[in-house]
Amino acid sequence: MTATASTTAVIVGASSGLGRALATDLARRGHALLLVASDARDLQAIAADLELRFDTDVATLALDLAREPDPGARILASLVSMPPLSALLLAAGVSRDDDDFSLPAARIGELLSINLHAPHAIVHALLPTLRETRGTIVLFGSIAAIRGRGRNVVYASAKRALESLYESLRQAHAAGALHVQLYRLGFLATNLTYGMKLPMAASEPDAVARHIAARLGKGSFARYVPRRFALIAAIVRALPWFAFRRMRG
Amino acid sequence: MAPAESRGFALARERLTSFDRQFAADVRVQRPDRYRLLDALPADQPRIARGGGVSYVAASFGNDATTLDMRAFDRLLAFDDRAGVLCVEAGASIGDVQRFLLPHGWYVPVAPGHPRASIGGCVASDVHGKNPARDGTFRALVEELQLHVPGRGLLGVDARNDAALFDATIGGFGMTGTITHATLRLVRPPRAIALRRVPVDDLAQAARVLRESANAHVLYGWHDGRPDRFGRGVIRVGLSDDEAASRDVALSKNTDLPAAIAPLPVPLWNRNGIAVANSWLSRRWCKPGFEPIALAQALFPLNDARLYFAGYGKAGLVELQWLVPHPRFEAFAVALGDCVARERPRIALISSKLFDGVARGFALDGKGIALALHLPSPTQSSQRAFCERVAELAIEHGGRPNPIKDSTLDEAVMRRAFADFDATRDALAAHNRDGRFGSELTRRIGL
């Protein structure tokens with residue numbers, strides 16, 4: 001560790017894509033960081049880079065969210081020597097091309113572990129601390145959860161369930177006692193979309209990360225990023241069933 | 001790899017074009033952003049690493065290879081501020097590294113002209129900088145490397161630990177494995193650069209000025225390539241300006257030359273365009289005197305050359321670069337001048353540099369003067385014939401080519417230019433036994 005930051009942000013899924021972009025932006029803003037991802041090699045590289053470039057404190061925790069029974073406890077234990085926790089950003093997520101009712105039970109369990117169990121377990125474990133600091137929980141939904149389809153079946157179910165978690169957190173806490181933010185993400189230019197033919201341009205993770213980082217501690221809300229996806233979501237929801245059934249992909 | 005397994009492994013098909021626009025191909029590209037993705041491809045899949053993608057030639061892709069786009073591996077891993085040692089991942093750009101180092105009072109003295117060149121590319125090409133006679137080539141800076149080799153994982157190599165692999169990797173065109181990180185020895189930068197301009201009438205005079213100025217931080221010549229003015233130009237001698245008020249650290253990312261430059265629809269470098277540009281440059285540069293220049297400008301002169309490269313149009317350019325030993329250089333320069341007078345090729349520019357190293361492998365190094373010639377429309381028969389004639393002359397005078405710059409080189413020329421071609425090739429092949437690593441460049445020059 002190299003410097004003293006006033007607050008800590010925890011980023012789960014910090015080794016690539018949006019999570020890595022969030023780590024870079026928050027380090028630039030002076031946060032101490034606890035980075036969580038599955039591979040210690042990636043975490044060590046990112047931590048070293050951020051400490052050198054931004055002179056901030058970066059701790060790491062290698063966790064396999066598909067198999068870790070209590071990721072929240074592991075994260076909580078890693079925060080002991082860190083500055084007060086101010087933000088939890090749950091950027092980890094996994095989807096599969098064969099998530100179309102053809103998955104075996106073990107794969108369904110992995111998808112639910114990473115996309116639903118881990119966010120719940122981590123939120124539950126860190127909630128008391130975040131209440132004390134009036135911190136921010138950032139959840140990431142997906143446009144895949146707008147309406148259930150024959151693809152991304154388990155993934156979309158998990159993302160829809162996160163919407164319920166968002167509502168529960170807001171319902172249980174007075175405004176200002178806890179900031180709860182849900183970003184329903186459109187296409188991002190990450191490894192998950194690289195090489196795919198997308199119906200519209202993907203957003204750059206760096207730009208999305210800047211948007212999110214600038215709004216930490218600034219209230220509770222659920223919104224689409226990019227904003228134009230709100231209109232697309234409204235249209236998809238409004239489609240009559242016979243038309244929606246004919247949608248491909 | 002089945003589609004379901006490849007999700008997130010970042011596989012796609014892309015059309016890649018070499019910087020000189022002489023080769024393009026639709027290739028498979030994998031874009032690993034985590035260490036485990038380096039193992040995602042089947043072990044026997046032919047591959048080649050790609051950093052900034054700014055090599056003049058097609059060094060980072062080929063028809064039969066999957067390109068590993070290493071740009072996500074761009075992190076600084078360790079920095080010893082006292083000793084001046086930096087460990088950095090191979091996908092980091094040299095411009096980004098200099099931006100980090102200069103405010104800390106260090107820099108990488110051997111830097112290619114394009115700021116987006118990657119550290120891995122600098123190693124694999126054993127690039128030279130603004131004065132190779134003073135600073136050597138990139139090899140001089142490399143203390144340790146880490147490579148990924150399918151089936152063997154990540155290997156740390158240095159001059160004591162697997163020295164043969166370490167040696168072959170530097171200047172090995174990516175054929176020994178995928179470079180994942182490098183540990184570099186750094187140098188204190190000059191506070192500022194005072195650029196002395198020394199006009200010269202011909203290449204022989206240029207060689208004398210270069211030899212007399214061997215210890216300058218920046219040392220290179222610009223020369224007119226037109227038959228009636230052949231070799232006239234200026235030697236730019238960048239001296240340390242210790243009287244400068246403060247160290248120049250202005251090296252903005254915004255000024256970095258793009259990796260791909262859109263060609264102008266109408267090429268500029270016809271005979272009239274070359275005449276106008278050279279006349280303007282002669283008036284502007286070829287006057288004796290001093291001028292202060294920003295260190296950033298000295299490090300990355302190509303940042304000011306966007307229009308220059310765009311001006312080659314869709315046909316692109318070719319850079320011929322040959323290092324000719326001192327005893328033969330003056331004769332080579334005369335013969336080259338005669339050839340230009342006879343064949344009247346279009347040469348957009350000629351640059352000269354002094355080398356004082358040891359020739360190793362296929363990298364450009366040795367003791368002599370290197371000339372680089374930029375030619376537009378290299379596929380035109382007259383231009384092509386001139387390129388072949390230059391190669392003949394250079395080989396006759398003991399010259400060594402620069403494979404990482406020159407897309408006209410083939411195996412036959414390489415064999416004639418490198419007396420130890422087979423031994424050098426075999427040394428590389430010993431680390432690439434199943435031929436998994438290779439590019440269009442390595443295929444073309446017979447490696």
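Which residue of β4(A) does Ile11(A) stand opposite? Keep that question in mind as you open this predicted model, and begin the tour in chain A.

**Stop 1: the sheet of chain A**

Select the strands of chain A, and you will find an open sheet of seven strands in the order β3-β2-β1-β4-β5-β6-β7, with parallel pairing throughout the description of this sheet. At its edges stand β3 (58-62) and β7 (221-225), each of which has a single partner strand, so one side of each is left without a neighbour in the sheet. If you look along the sheet, neighbouring strands are turned by 15° against each other on average, when direction is ignored. As background for what you see, strands of a sheet pair through backbone hydrogen bonds, either parallel or antiparallel.

**Stop 2: strand β4 and its two partners**

Now select residues 85-90 of chain A, which form strand β4. Six of the six residues of this strand are buried, so β4(A) is largely enclosed by the rest of the structure. Add strand β1 (residues 8-12) of chain A, which pairs with β4(A) in the parallel sense over five bridges. Here the opening question is settled, for the residue opposite Ile11(A) is Leu89(A).

Keep Leu89(A) highlighted and add strand β5 (residues 136-142) of chain A, which runs parallel to β4(A) and is joined to it by three bridges. On this side, Leu89(A) has Val138(A) of β5(A) as its bridge partner. To follow the chain from one strand to the other, select helix α4 (residues 105-133) of chain A as well, since β4(A), this helix and β5(A) make a right-handed β-α-β unit.

**Stop 3: towards the edge strand β3**

Move next to strand β2 (residues 32-37) of chain A, which runs parallel to β3(A) and is connected with it through five bridges. One pair to pick out is Leu34(A) with its bridge partner in β3(A), Ala59(A). When you also show helix α2 (residues 40-54) of chain A, you will see that this helix lies across β2 and β3 of chain A, and that it runs at about 175° to β3(A).

**Stop 4: where the chains meet**

Show both chains together, and look for the contacts in which 19 residues of chain A meet 19 residues of chain B. Coloured by type, the residues on the chain A side that touch chain B divide into six nonpolar, five polar and eight charged.

**Stop 5: a covered strand in chain B**

In chain B, select strand β3 (residues 47-50), which is covered on both faces: Arg47(B) and Ala49(B) on one side are buried, and so are Ile48(B) and Arg50(B) on the other. Strand β4 (residues 66-69) of chain B runs parallel to β3(B), and four bridges join the two. Among the residues to inspect here is Arg50(B), whose bridge partner in β4(B) is Asp69(B).

**Stop 6: the two domains of chain B**

Colour chain B by its domain assignment, which gives domain 1 (79-189) and domain 2 (193-417). The centres of these domains of chain B, taken over C-alpha atoms, are separated by 24 Å. Between them, 22 residues of domain 1 are in contact with 32 residues of domain 2. On the domain 1 side, α2 (94-101) and α4 (132-135) of chain B each supply at least two of the touching residues.

**Stop 7: a loop proline**

Finish at Pro301(B), in the loop between α8 (295-299) and α9 (306-310) of chain B. Is Pro301(B) buried or partly exposed? With 18 other C-beta atoms within 10 Å, Pro301(B) is partly exposed.

Technical notes: Residues are numbered from 1 along each chain as its sequence is written. Chains are lettered from A and ligands numbered from 1 in the order in which they are written. This is a predicted model: local features need pLDDT of at least 70, side-chain atom pairs count only at pLDDT 80 or more; totals for chains, interfaces and linings use all residues. Two residues are in contact if their C-beta atoms, placed from the backbone, lie within 7 Å. Ala, Val, Leu, Ile, Met, Phe, Trp, Tyr, Cys and Pro count as nonpolar, Asp, Glu, Lys and Arg as charged, and the others, Gly among them, as polar. A residue is buried if 20 or more other C-beta atoms lie within 10 Å of its own, exposed if 12 or fewer, and partly exposed in between; C-beta atoms are placed from the backbone. Two strands pair if DSSP finds at least two bridges between them. A crossover is right-handed if, with the strands pointing away from the viewer, the path from the first strand over the helix to the second runs clockwise. Domain bounds come from an automatic or database domain assignment. Axes are lines fitted to C-alpha atoms, for helices over the stretch in contact, and angles run from 0 to 180 degrees between N-to-C directions.
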